[in-house]
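Grab a coffee and work through these exercises with the structure open beside you. Try each task before reading its solution.

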Amino acid sequence: MAFPLVFGFMESALTGDLPLFAQRGGLSLGAVSASLAAFVIGSLVFQFPLGHLSDGLGRKAVLIACSAVGVVLFSLLPAATGWTMLFVSLCFVVGAFLDTLFSLSLGYLSDLVGSTNFPTANQLAVTNLGLGLMTGPVVGGLTMTWLGPGGLFWTIAVLYLLFIGCALLWKPTSK
């Protein structure tokens, strides 16, 4: 249930605050457009391979591994602002590893709660997604004010790190 919150935060913070980041960090608006497009293309290209991988390795393991990659990538993005192609390429890889994970997290949720409880669990997951969507631009903007332009990406990295910690510590209860 935590992943939809983090995912919603990331989605709305990137789409809402990336132009502000560009203005403060020295990226052109063209680079922002290319970065968002690269993010979506990365997601489309890797959606099926990650789904297939999760069928073999387990959804939880793939969620954790991809989130770990996301922590590293979001930590690197502020340093890449001086190189547009590197920034856009990193956004492609971020999209490849993270933008597919919402549907994967719903699959994992279904595995955990079963078909009888899935409608209720899905409703709670979508509520968490909505909370993330609402808070992403506000908190992202505030962290850029407090920590500088890189604060946007560092906040997202920290949220993914918190998700990893929760996922590693949480054990499902037996039915």
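**Exercise 1. Work out where Phe-74 sits and which residues surround it.**

Solution. Start with the neighbours: leaving out residues up to four places away in sequence, Phe-74 touches Met-10, Leu-14, Val-94, Leu-98, Phe-153, Trp-154, Ile-156, Ala-157 and Tyr-160. Bear in mind that this is a predicted model. Next, place the residue: Phe-74 belongs to helix 3. Now check accessibility: the cut-off for buried is under 20% relative accessible area, and Phe-74 has 0%, so it counts as buried.

**Exercise 2. Find the ring that stacks on Phe-74, and say what the pair links.**

Solution. Begin with the full search, which turns up 10 aromatic pairs in the whole structure. One of them joins Phe-74 and Tyr-160: their centres are 6.4 Å apart with 15° between the planes, and the pair is stacked. Then look at where the partners live. Phe-74 is in helix 3 and Tyr-160 in helix 6, so the pair ties together parts 86 residues apart in sequence. Tyr-160 is buried too, at 0% relative accessible area. Finally, zoom out: ring pairs link Phe-74 and Tyr-160 into a cluster with Phe-3, Phe-7, Phe-21, Phe-87, Phe-102, Phe-153 and Phe-163.

**Exercise 3. Describe helix 3 and what its buried residues pack against.**

Solution. First, the length: helix 3 covers residues 59-76, 18 residues in total, and spans 26 Å from first to last C-alpha, close to the expected 26 Å. Second, list the buried residues: Val-62, Leu-63, Ile-64, Cys-66, Ser-67, Gly-70, Val-71, Leu-73 and Phe-74. Third, follow them outwards: they pack against helix 1 (2-25), helix 2 (29-57), helix 4 (84-98), helix 5 (101-147) and helix 6 (151-169).

**Exercise 4. Which side chain of opposite charge is nearest to Asp-17, and what does the Asp-17 side chain reach?**

Solution. Locate Asp-17 in helix 1. Asp-17 is buried but has no salt bridge; Arg-24, the nearest side chain of opposite charge, is 8.2 Å away. Now look for a backbone partner: the Asp-17 side chain reaches the backbone nitrogen of Gly-141 at 3.0 Å. Beyond four places in sequence, the residues touching Asp-17 are Ser-12, Gly-136, Pro-137, Gly-140, Gly-141, Met-144 and Leu-152.

**Exercise 5. Is Gln-47 buried, exposed or partly exposed?**

Solution. Find Gln-47 in helix 2. Its relative accessible area is 34%, so Gln-47 is partly exposed. For its contacts, skip the neighbours within four places in sequence, and you get Thr-100 and Ser-103.

Definitions and conventions: Residues are numbered from 1 along each chain as its sequence is written. This is a predicted model: local features need pLDDT of at least 70, side-chain atom pairs count only at pLDDT 80 or more; totals for chains, interfaces and linings use all residues. Side-chain values use heavy atoms; hydrogens and water are left out. Helices (H or I, at least four residues) and strands (E, at least two) are DSSP runs, numbered from the N terminus. The expected span of a helix is 1.5 Å times one less than its number of residues. Buried means under 20% relative accessible area, exposed over 50%, partly exposed in between (1.4 Å probe, protein chains only). Contact means heavy atoms within 4.5 Å. Lys and Arg count as positive and Asp and Glu as negative; His and the chain ends are not counted. A salt bridge is a side-chain nitrogen of Lys or Arg within 4 Å of a carboxyl oxygen of Asp or Glu. A polar contact is a pair of N or O atoms within 3.5 Å; within protein, one must be able to donate a hydrogen and the other to accept it, and residues adjacent in sequence count only if both atoms are side-chain atoms. Rings of Phe, Tyr and Trp (its six-membered ring) pair if their centres lie within 6.5 Å; planes under 30 degrees apart count as stacked, over 60 as edge-to-face and the rest as tilted.
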